[in-house]
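Reader: I'm in my first year and still learning how to look at a protein model. Could you take one part of this one and walk me through it slowly, starting with the overall layout so I don't get lost?

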Amino acid sequence: MALHLNLLHEEILELRQRQRDPLKIGMLVLSSCGALLFLYYAWNAYQTLEIKSKLSSIEAEWKKLEPKVTQAQKRSAELTDVINTTRVLDDYIDNRFFWGPFLEKLSRCVPPNAQITSMEGSLGDEDKGGGVTVMLDGVAAAREPRSAAEDLRQMLLEQLGKTYHDVKAEFKTLEDVETVASIGGTTVPMSRYILSVTFNPNAAKPVATPAVGRRKAKTKDE
Amino acid sequence: MNLPKLKLSKDQTKKLALSAMGFVVLLYVYFSFFLGPLQKSRAGTFAQIEDRQKKIDSSKAEVNKAAALERQAKDAMARFATLKALAPEGAPIAWFPPKMKTFFTNQGIDRAVARLESNTTFKQNELAAWTKFNWLIDLPQADFASVGKSIAELENTQPLLTITKLSIHVLPEQPQFQQVAIAATTVIEKR
């Protein structure tokens with residue numbers, strides 16, 4: 001067996017002790033950790049920069065889009081206003097009461113032996129149902145003048161009832177007058193009447209003639 | 001197995017403790033002043049992106065909606081323009097009475113006089129830009145047939161005009177003629 005002598009024992013021990021120096025190892029570990037942390041930070045910073053650049057592109061897109069959107073919103077509000085206003089105006093137009101057809105009906109209801117001397121018609125408030133009230137003042141001349149006036153009332157009920165709803169016709173006054181009328185050479189007594197006619201035109205849409213612009217306008221006498 | 005026993009001198013122990021403290025401080029500084037703000041900024045940017053993206057998406061939807069509305073509103077726009085065109089420029093008091101006079105003259109009724117009674121605003125928000133004008137139209141001498149035709153024509157040609165009251169009286173001296181009073185309401189855009 002060969003004899004192995006270590007003549008540098010002390011130097012080697014010192015070297016080994018230097019190599020196992022905890023401070024040095026600690027510094028190495030610290031440096032490694034620092035490097036890792038730096039890399040992690042760099043990676044995060046890179047990602048943040050990437051996100052920021054994405055934000056910039058989105059901001060640029062938004063800047064491009066924003067005026068268009070503002071304009072579109074303005075236009076949209078304008079159009080909505082126009083649509084709503086037109087709808088309300090159309091309702092207003094469609095819910096009007098047309099006096100032309102009523103006057104035509106009235107003229108057809110008056111028999112030859114009766115006359116209307118005065119007519120007062122008024123349209124009720126839309127809030128209160130929009131009913132129509134007509135006061136007719138006139139005279140009737142016949143052998144039985146009161147029945148001539150009653151015929152007029154019946155005719156009004158019948159004719160107006162075809163077009164309007166809740167038609168009511170009642171005498172406020174019906175009295176004989178001393179004046180006489182001559183019809184066909186015959187002298188007949190006369191009576192004076194005041195007739196109150198009320199009806200609701202709202203459910204009677206077909207009577208309403210169309211408004212200009214949407215449908216062709218036509219007169220009642222066509 | 002015997003692990004080599006570390007024999008640390010007092011000086012080395014101090015250095016090691018100092019290094020450990022330095023490491024802790026380093027970690028604190030790293031997370032508090034570098035990585036923390038960076039991640040905070042990243043989260044903020046993310047939130048901003050999300051917010052902008054939402055805005056862009058909703059805006060695109062808004063633009064599309066406006067385009068669709070534009071197509072849908074064509075009829076309403078044309079109708080609105082027609083209704084607006086019914087009233088000439090200027091104050092209604094200036095053009096409505098002459099217009100009525102001309103209208104009734106064309107219908108064979110002379111001496112038509114229109115007066116402005118009042119004007120009111122609408123309660124509806126949709127008609128905030130429109131005003132209701134109440135007029136009184138007097139026809140001192142007219143025959144019933146002409147009046148009927150004229151009223152029908154007026155109602156058909158003036159869709160924004162409503163007759164609220166109609167009064168027809170026989171003229172005592174000329175029973176073939178009637179005296180007519182028309183209370184009418186017109187809807188006119190404010191100008």
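Author: Read from start to end, chain A goes α-α-α-β-β-α-β-β, which adds up to 4 helices and 4 strands. Keep in mind that this is a predicted model. Chain A has 222 residues, and 34% of them count as buried. If you take the contacts in chain A between residues with a separation of 6 or more, 65% of them join residues 24 or more positions apart.

Now chain B. From its N terminus the order of elements is α-α-α-β-β-α-β-β, again with 4 helices and 4 strands. Chain B has 191 residues, of which 35% are buried. Its outline is worth a look: the C-alpha trace spans about 145 × 30 × 30 Å along the principal axes. The radius of gyration of chain B is 43 Å, whereas a compact globule of 191 residues would come out near 16 Å. Among its contacts with a separation of 6 or more, 61% link residues 24 or more positions apart.

Okay, time to zoom in on the close-up part: two helices of chain A. Helix α3 of chain A covers residues 99-109 and helix α4 of chain A covers residues 145-163; their axes come within 9 Å and cross at roughly 145 degrees. The crossing of α3(A) and α4(A) is right-handed. So who touches whom? On the α3(A) side you'll find Phe102(A), Lys105(A), Leu106(A) and Cys109(A), and they meet Leu152(A), Met155(A), Leu156(A), Gln159(A), Leu160(A) and Thr163(A) of α4(A). Sorted by class, that contact has 7 nonpolar, 2 polar and 1 charged residues.

Phe102(A) turns up in another group too. Together with Phe97(A), Trp99(A), Tyr164(A) and Phe199(A), Phe102(A) forms one aromatic cluster.

While we're on rings, there are 19 aromatic pairs over all chains. One of them is Tyr92(A) with Phe122(B), an edge-to-face pair with 6.4 Å from centre to centre and 90 degrees between the planes. This pair crosses between chains: Tyr92(A) sits in helix α2 (residues 22-94) of chain A, while Phe122(B) is in the loop between β1 (113-121) and β2 (130-142) of chain B. Tyr92(A) and Phe122(B) are both buried.

Compare that with a pair inside chain B. The ring centres of Tyr30(B) and Phe31(B) are 5.1 Å apart and the planes stand at 80 degrees, so this pair is edge-to-face. Here the partners differ in how covered they are: Tyr30(B) counts as buried because its relative accessibility is 9%, but Phe31(B), at 45%, counts as partly exposed.

One last stop, back in chain A. Thr133(A) belongs to strand β2, which runs over residues 132-141 of chain A. With 32% relative accessibility, Thr133(A) counts as partly exposed. Skip its neighbours within four places in sequence, and Thr133(A) is in contact with Glu120(A), Gly121(A), Ser122(A), Val197(A) and Thr198(A). Take Glu120(A) from that list: Thr133(A) is 13 residues away from Glu120(A) in sequence, and 8.1 Å away in space, C-alpha to C-alpha.

Conventions:
Residues numbered from 1 in each chain as written. Chains lettered and ligands numbered in written order. Predicted model: local features only at pLDDT ≥ 70, side-chain atom pairs only at ≥ 80, totals over all residues. Heavy atoms only, no water. Axes fitted to C-alpha atoms, helices over the stretch in contact; angles between N-to-C directions. Left-handed = near helix turned anticlockwise from the far one by under 90°. Contact = heavy atoms within 4.5 Å. Nonpolar A, V, L, I, M, F, W, Y, C, P; charged D, E, K, R; others polar. Phe/Tyr/Trp six-rings, centres within 6.5 Å; stacked < 30°, edge-to-face > 60°. Buried < 20%, exposed > 50% of the residue type's maximum accessible area, 1.4 Å probe, protein only. Rg over C-alpha atoms; globule rule 2.2 N^0.38 Å.
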